[in-house]
Amino acid sequence: MAGRGRAAPIPGWLPSASPASAGASPAMAFPPPPPAAGPGTQPNPIVPASATDPAFSVWTEHTAPDGRRKYWHNASVGRSTYEKPVCLMTATERADSTTRWKEAVAPDGRVYFHNVDTKQTKWQMPEEVRVAREAALRVEGAAAAKAAVAAAEALSKGGPHLSSEKAGGTTSFSTKTSYASPAEALDAFLQSLADANVTSAHRWDEASRLAVGDPKFLALKSAGERKKAFHEYQTKRVKKEREERRALDKKKRDAFTAMLNEAETVCGCGAPREAFRQVAEDLIKHPLYAQRFKDVVEDKAKEDLYRAHCESARARERSGRRRRREEEKDKFTELLREKNIQTWRDVGGLRDEPRYEQCDRYDRLCAFELFSDAVDKAERDMRDSETFTRRIDERRRRDGFVAFLTEKRKLGELSLRLPWRDFFENEGLRTNDVYTELQKNQGGSRPKELYEDEQEVLEIEAAACRGAIVAALVSTETLSNADGSFFGAEVSPTCASVRRALAGTDATGLLTKAT
């Protein structure tokens with residue numbers, strides 16, 4: 001924080017801001033003095049972490065008029081410096097001051113390290129810096145944790161009671177020290193860690209410093225129990241933080257993709273044919289999209305999302321072209337149907353039609369082929385339907401004539417070996433409706449063929465009747481020989497005459513006479 005009060009003198013060893021006089025060496029820029037304060041005001045002191053500086057006194061922090069650089073001034077000794085005094089440094093800053101590496105922040109917000117001797121830069125923390133920081137934190141953390149635990153134990157043994165309300169910006173806690181069960185005590189301890197915002201990155205000594213002011217931190221009596229519970233808390237916290245990071249990362253990626261879609265339709269940047277570098281330059285300068293562009297930190301992730309966006313945009317473009325072509329083909333097919341086009345040669349007469357010009361030549365050919373196939377199929381289906389109906393009618397007429405013949409056979413008007421011409425004249429079929437209907441059939445059996453089928457039925461029945469007559473005569477020994485044998489080598493004249501009579505006589509009449 002910039003101090004307030006009278007201006008602090010600038011030491012002579014700091015570079016001067018005044019221009020060099022003629023013939024003198026070029027001047028260096030001195031740090032400007034702090035702004036003058038009003039009457040009766042004093043500079044704001046910066047309370048140091050420890051007073052290890054031999055010339056320790058109250059230091060004040062100031063900002064140069066350019067707003068970029070800070071320096072510190074000690075009014076008691078008249079000393080100003082651009083380097084932060086050791087007595088004001090944190091443990092991490094003191095550890096860094098022992099190395100030749102300096103921590104800096106890139107324009108995109110990422111932290112990197114720079115070696116002042118070799119001019120080397122690294123995104124990862126150098127091993128030298130890591131070791132120095134861990135050593136400083138162990139020293140400071142152990143002392144702070146020990147003091148904090150002692151203070152908390154003193155409070156739990158009879159110190160002043162603390163409420164759970166916030167007053168003056170300071171958080172206070174309740175002093176409940178007894179719990180009904182070990183599970184309740186464990187929950188209270190874990191809650192103290194959560195209230196202190198302990199994360200998975202904190203070590204045990206750091207978590208102790210953060211949560212030791214809460215009496216719930218001492219719900220578990222032994223340090224071993226607290227440390228074990230802390231490790232379990234860290235395991236769950238790691239999983240929770242990982243899920244939160246994934247959800248946040250997904251949210252940022254979705255916002256980045258939505259930004260690309262908006263940029264493509266709103267301001268034209270982010271089109272599929274533009275390079276990612278050009279798109280990035282346009283988006284980082286746009287007030288609506290700059291923040292969402294920066295939220296995705298990794299450049300490779302940004303490029304991957306942009307590449308996926310381009311693929312999706314190209315797929316949408318291809319789909320749109322296909323849809324438009326299909327619509328144009330449908331319109332052209334409707335035109336062919338309206339004009340009743342039969343051949344490809346007739347298509348040339350539609351050149352003046354807008355639907356003809358809008359459709360591509362290849363698409364016109366495909367549409368015509370599909371249209372012709374559809375017309376041919378419709379005609380085939382119609383012919384098949386007509387043929388099926390015709391065949392049903394023919395079968396109905398044929399069945400009617402067969403029923404007519406069957407009825408005549410049962411009435412005895414159609415006898416065995418009666419010639420077709422005689423039956424035709426006797427029944428007057430020339431004017432018979434059943435006969436004339438059957439004559440309309442284009443295929444299948446003709447009337448005479450059906451009549452012959454009935455004659456075959458009569459032959460079968462006659463053969464059966466002849467067999468019955470022969471069996472009856474045999475049973476009465478009419479056709480047996482004198483010695484009792486039937487149709488032996490020598491057939492009797494009576495047997496021969498019966499066989500001739502059966503062969504040349506109607507079996508039905510013969511059977512009737514025999515019985």
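**Note on the predicted model: strands, sheets and a 50-residue helix**

1. Residue N115 lies in strand β5, and because its relative accessible area is 8%, under the 20% limit, N115 counts as buried. The model discussed here is a predicted one, and that should be kept in mind for every value that follows. The side chain of N115 reaches the backbone nitrogen of T118 at 3.1 Å. When neighbours within four places in sequence are left aside, N115 is in contact with R100, W101 and Q120.

2. The strand that holds N115 belongs to an open sheet of three strands, arranged in the order β4-β5-β6 with antiparallel pairing. Its edge strands are β4 (101-105) and β6, each of which pairs on one side only. As general background, strands of a sheet pair through backbone hydrogen bonds, in either the parallel or the antiparallel sense.

3. Within this sheet, β4 and β5 pair in the antiparallel sense over five bridges, and V105 has V111 in β5 as its bridge partner. On the other side, strand β5 (residues 111-115) is joined to β6 by two bridges, and these strands also run antiparallel. Here F113 stands opposite K122, a residue of β6.

4. How many residues lie between the strands in the hairpin of β5 and β6? There are five residues between them, and in this hairpin K119 takes a positive phi near 60 degrees. The contact from the side chain of N115 to the backbone nitrogen of T118, at 3.1 Å, may usefully be inspected together with the phi of K119.

5. K122 lies in strand β6, which covers residues 121-122. Is K122 buried, partly exposed or exposed? K122 is partly exposed, because its relative accessible area of 31% falls between the limits of 20% and 50%. Not counting residues up to four places away in sequence, K122 touches W101, Y112 and F113; W101 is also among the residues in contact with N115. The C-alpha atoms of K122 and V111, which are 11 residues apart along the chain, are separated by 9.2 Å.

6. A second open sheet is formed by three strands in the order β1-β2-β3, and its pairing is antiparallel. Its edge strands are β1 (59-63) and β3 (79-81), each pairing on one side only. Neighbouring strands of this sheet are turned against each other by 25 degrees on average, with direction ignored. Strand β2 (residues 70-74) pairs with β3 in the antiparallel sense over three bridges, and the bridge partner of N74 in β3 is R79.

7. Turning to the helices, α11 (residues 361-410) has 50 residues, and the distance from its first C-alpha to its last is 73 Å, close to the 74 Å expected at 1.5 Å a residue. At the start of α11, a side-chain oxygen of D360 comes to within 3.1 Å of the backbone nitrogen of Y362. After the helix comes G412, whose phi is positive, near 80 degrees. In general, an α-helix has 3.6 residues a turn, so residues three or four places apart point the same way.

8. Two loop residues other than glycine also deserve a check of their backbone angles. N340, found in the loop between α8 (299-339) and α9 (344-347), has a positive phi near 55 degrees. N340 counts as exposed because its relative accessibility of 52% is over 50%. R417, placed in the loop between α11 and α12 (420-427), has a positive phi near 60 degrees.

9. For the chain as a whole, there are 16 helices and eight strands, and 29% of the 515 residues count as buried. The accessible surface comes to about 33,400 Å², of which 53% belongs to carbon and sulfur atoms. Among contacts between residues at least 6 apart in sequence, 53% join residues that are at least 24 apart.

Key:
Residues are numbered from 1 along each chain as its sequence is written. This is a predicted model: local features need pLDDT of at least 70, side-chain atom pairs count only at pLDDT 80 or more; totals for chains, interfaces and linings use all residues. Side-chain values use heavy atoms; hydrogens and water are left out. Helices (H or I, at least four residues) and strands (E, at least two) are DSSP runs, numbered from the N terminus. Buried means under 20% relative accessible area, exposed over 50%, partly exposed in between (1.4 Å probe, protein chains only). Contact means heavy atoms within 4.5 Å. Accessible areas come from the Shrake-Rupley method with a 1.4 Å probe; for residues, only the protein chains shown count as cover. The expected span of a helix is 1.5 Å times one less than its number of residues. A polar contact is a pair of N or O atoms within 3.5 Å; within protein, one must be able to donate a hydrogen and the other to accept it, and residues adjacent in sequence count only if both atoms are side-chain atoms. Two strands pair if DSSP finds at least two bridges between them. Axes are lines fitted to C-alpha atoms, for helices over the stretch in contact, and angles run from 0 to 180 degrees between N-to-C directions.
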